[in-house]
Amino acid sequence: MSLTGNLRINGDRLWDSLMEMAKIGPGLRGGNNRQTLTDEDGEGRRLFQSWCEKAGMTMGVDTMGNMFFTREGTDPDALPVYVGSHLDTQPTGGKYDGVLGVLGGLELIRTLNDLNIKTKHPIVVVNWTNEEGTRFAPAMLASGVFAGIHDEQWAYVREDAKGKKFGDELERIGWKGDEKVGARKIHALFELHIEQGPILEAEGKDIGVVTHGQGLWWLQITLTGKESHTGSTPMPMRKNAGLGMARITELVHAVAMAHQPNAVGAIGHVDVYPNSRNVIPGKVVFTVDIRSPDLSTLSAMKAEIEAKAPKIAKELGLGIEIEEAGHFDPVIFDEGCVTAVRNAADRLGYSHRDIVSGAGHDACWINRVAPTAMVMCPCVDGLSHNEDEEISKEWAAAGTDVLLHAVLETAEIQA
């Protein structure tokens, strides 16, 4: 059997699965709150397990809670082709971020079953644990352990805002498996994801062929000034940590603008102390997020911020500490896998363009240990990590069609 443009997934069935999963951990206004290792995460995992086993796949779970569902190939010695993403969400997340990639993988298997298509290589659908990192930092935690980026025991003692440990919560919800994390060998991995940006929709493209992933640095900056009364402290005598943050915010924006194209930067998480309306902030702790697909650019941005931020603090009479809170180098996805995605879009007649992923994904870590590529579909207004995140049924189907063809080209259809 050969790959033709007539081979497509069941878009209605995929959409129904997305809507059914979205019922678990509903948000306040149409999105989802299914944070990692919560009861809702456990319930979503069980639903996904039931669907996969009904589709004839067998389950494996490793000691980080990563879920693997295998459809056997015709060659018992051939390494599997992996496909998937994550089921966990932000506290005010959408219905598609991550979930589309997991359920798109399931729909791919269902389509192969419908058409009785066999492949030389096994196909494994994966749900990676704690991609979002919103409850247990850092993001992409379990795929990072799988790829040897993080130590497993270090991961187990990550704490959430209430002091609960990752390892304890993994056991509590019953999803700590017995398979050694990272022991699996991968022929190739494909991850389908919504763009989380506005480019594809703005340009009217059906598919993003992801060639690179941006590298990032997270810098946690602590500014220390002096708390004092807003009304009675003369302006020249203030040591305003909030003003320091404002000026560093402008610095980060200027640095990103000076390193175009593709470089970005902003201030994200902020804690202000004492956070009272009539007290000048005595301390501010905030995170700088800078990203670029070029390593030299990323390094230059970091160096400039680390050099200029202390000067801003000194001018304002503030103490400053800069801590490296997160990092990964830019990613160049595998040329062969990227070509398979591009071939799939061409074969199916979908408009497409090469794109750089502005967000981190599990595929970025797995790319360290196996050939990897990503497929992206548009999302409305580029909005994500927001309950108003939205895609169309047609976009979901097109992305999964491309995923199907890229996986089949790599897994090798058997006559």
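Helices and strands on this tour are DSSP runs, numbered from the N terminus. Keep in mind that the model is a predicted one.

**Stop 1: the whole chain**

Start with everything shown as a cartoon. The protein chain holds 12 helices and 17 strands. Its C-alpha atoms fill a box of roughly 80 × 45 × 40 Å along the principal axes. The radius of gyration is 23 Å, which agrees with the value near 22 Å for a compact globule of 415 residues. If you colour by accessibility, buried residues account for 56% of the 415. Now think about contacts between residues at least 6 apart in sequence: 80% of them join residues at least 24 apart.

**Stop 2: a pair of helices**

Next, select residues 241–258, helix H8, together with residues 295–315, helix H9. Two packed helices are described by the angle between their axes and the distance between the axes. Here H8 and H9 pack at about 155 degrees, and their axes are 10 Å apart. Angles over 145 degrees count as roughly antiparallel, so H8 is roughly antiparallel to H9. The crossing of H8 and H9 is right-handed.

Turn on side chains for this pair. From H8, show Gly 244, Arg 247, Ile 248, Leu 251, Val 252, Val 255 and Ala 256; from H9, show Met 301, Glu 304, Ile 305, Lys 308, Ala 309 and Ile 312, which meet them. The residues of this contact divide into nine nonpolar, one polar and three charged.

**Stop 3: two cis peptide bonds**

Follow the chain out of H8 into the loop that leads to strand S10 (264–273), and pick Pro 261 there. The peptide bond from Gln 260 to Pro 261 is cis, with omega near 5 degrees.

Carry on to Pro 274, in the loop between S10 and strand S11 (279–280). The peptide bond joining Tyr 273 to Pro 274 is also cis, and its omega is near 0 degrees.

**Stop 4: two positive phi angles**

Go to Gln 196, in the loop between strand S6 (188–194) and helix H7 (199–203). Gln 196 is not a glycine, yet its phi is positive, near 65 degrees.

For the last selection, jump to His 385, in the loop between strand S16 (372–377) and helix H12 (393–411). His 385 is another residue other than glycine with a positive phi, of about 55 degrees. Is His 385 buried or exposed? Neither label fits: buried means under 20% relative accessible area and exposed means over 50%, so His 385, at 40%, is partly exposed.

Methods
Residues are numbered from 1 along each chain as its sequence is written. This is a predicted model: local features need pLDDT of at least 70, side-chain atom pairs count only at pLDDT 80 or more; totals for chains, interfaces and linings use all residues. Side-chain values use heavy atoms; hydrogens and water are left out. Axes are lines fitted to C-alpha atoms, for helices over the stretch in contact, and angles run from 0 to 180 degrees between N-to-C directions. Helices (H or I, at least four residues) and strands (E, at least two) are DSSP runs, numbered from the N terminus. Angles under 35 degrees count as roughly parallel, over 145 as roughly antiparallel, 65 to 115 as roughly perpendicular and the rest as oblique. A crossing is left-handed if the near helix is turned anticlockwise from the far one by less than a right angle, and right-handed if clockwise. Contact means heavy atoms within 4.5 Å. Ala, Val, Leu, Ile, Met, Phe, Trp, Tyr, Cys and Pro count as nonpolar, Asp, Glu, Lys and Arg as charged, and the others, Gly among them, as polar. The radius of gyration is taken over C-alpha atoms; the globule rule is 2.2 Å times the number of residues to the power 0.38. Buried means under 20% relative accessible area, exposed over 50%, partly exposed in between (1.4 Å probe, protein chains only).
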